[in-house]
Amino acid sequence: MKKLLFLLLFIPTLLFSQNSWVNFKVQYDFYGVQESNWFMVEDTINGDTAIFHQPSTPYQFLDTTINLQSGNYTITLTDNYGDGWTSTNPAWFKMENNCQGLIIDWQLQGVSFFLRDTTVNIFPCPPPAGGCLDSLAIN
């Protein structure tokens, strides 16, 4: 009986959770090392963090792809000083996948903020066919 109850509770989870993925292209400003970061949190009961990133060098560029379950996520950019990701060179935050295209396209040059966030709905999306997802891989 316990197994049957477990199975009845577990089947909806299997049916409604779908695999997906997103790619982030993030250009930080000069001061990012000292004052900037961003993270993506799943909007469910447990609120798991899907990704967190803080730059380690000035003007760092991040191009990374992560696998995740479809659903709602909150994206949050922070700047501890409050001037936003602004310095001599442009800064931006982009999030996309093949199924939805460009989900977020924030051009951040001249935009002041301490906290900038939004909620996005990630649709089920099969991984890209062929090729390597890691552009820095040497194999």
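**Exercise 1. Secondary structure and overall packing**

Determine how many helices and strands the chain of this predicted model has, and in which pattern they follow one another.

*Solution.* Step 1: the count gives two helices and eight strands. Step 2: reading along the sequence, the elements come in the pattern α-β-α-β-β-β-β-β-β-β. Step 3: for burial, the chain has 139 residues, and 33% of these count as buried. Step 4: take the contacts between residues at least 6 apart in sequence; 71% of these join residues at least 24 apart.

**Exercise 2. The disulfide**

Find which cysteines form the disulfide, describe its geometry, and state which parts of the chain the link ties together.

*Solution.* Step 1: the structure holds one disulfide. Step 2: its partners are C99 and C125, with an S to S distance of 2.2 Å; the cut-off for a disulfide is 2.5 Å. Step 3: the angle about the S-S bond is 85°, and the link of C99 and C125 is right-handed. Step 4: place both ends in the fold. C99 sits in the loop between β6 (92-97) and β7 (101-107), while C125 belongs to the segment after β8 (115-122), so the bond ties together parts that are 26 residues apart in sequence. Step 5: compare the surroundings of the two ends. C99 is partly exposed, at a relative accessible area of 45%, whereas C125 is buried, at 2%.

**Exercise 3. Aromatic rings**

State how many aromatic pairs the whole structure contains, which residues ring pairs link into a cluster with W106, and which residue lies over the face of W106.

*Solution.* Step 1: a search of the whole structure gives 10 aromatic pairs. Step 2: ring pairs link W106 with F24, W38 and F93 into a cluster. Step 3: R116 lies over the face of W106, and its distance from the ring centre is 4.4 Å.

**Exercise 4. An acidic residue**

Decide whether E35 is buried or exposed, what its nearest side chain of opposite charge is, and which residues E35 contacts beyond its sequence neighbours.

*Solution.* Step 1: E35 is part of helix α2, which spans residues 32-35. Step 2: E35 is buried. Step 3: look for a partner of opposite charge. The nearest such side chain is R116, 14 Å away; a salt bridge requires a distance within 4 Å, and E35 has none. Step 4: list the contacts, leaving aside neighbours within four places in sequence. E35 is in contact with D29, T78, D79, N80, Y81, D83 and G84. Step 5: bring in the previous exercise. R116, the nearest side chain of opposite charge to E35, is also the residue that lies over the face of W106.

Methods: Residues numbered from 1 in each chain as written. Predicted model: local features only at pLDDT ≥ 70, side-chain atom pairs only at ≥ 80, totals over all residues. Heavy atoms only, no water. Helix = DSSP H or I, 4+ residues; strand = E, 2+ residues; numbered from the N terminus. Buried < 20%, exposed > 50% of the residue type's maximum accessible area, 1.4 Å probe, protein only. Phe/Tyr/Trp six-rings, centres within 6.5 Å; stacked < 30°, edge-to-face > 60°. Lys NZ or Arg CZ within 6 Å of the ring centre and 35° of its normal. Lys, Arg positive; Asp, Glu negative; His and termini not counted. Contact = heavy atoms within 4.5 Å.
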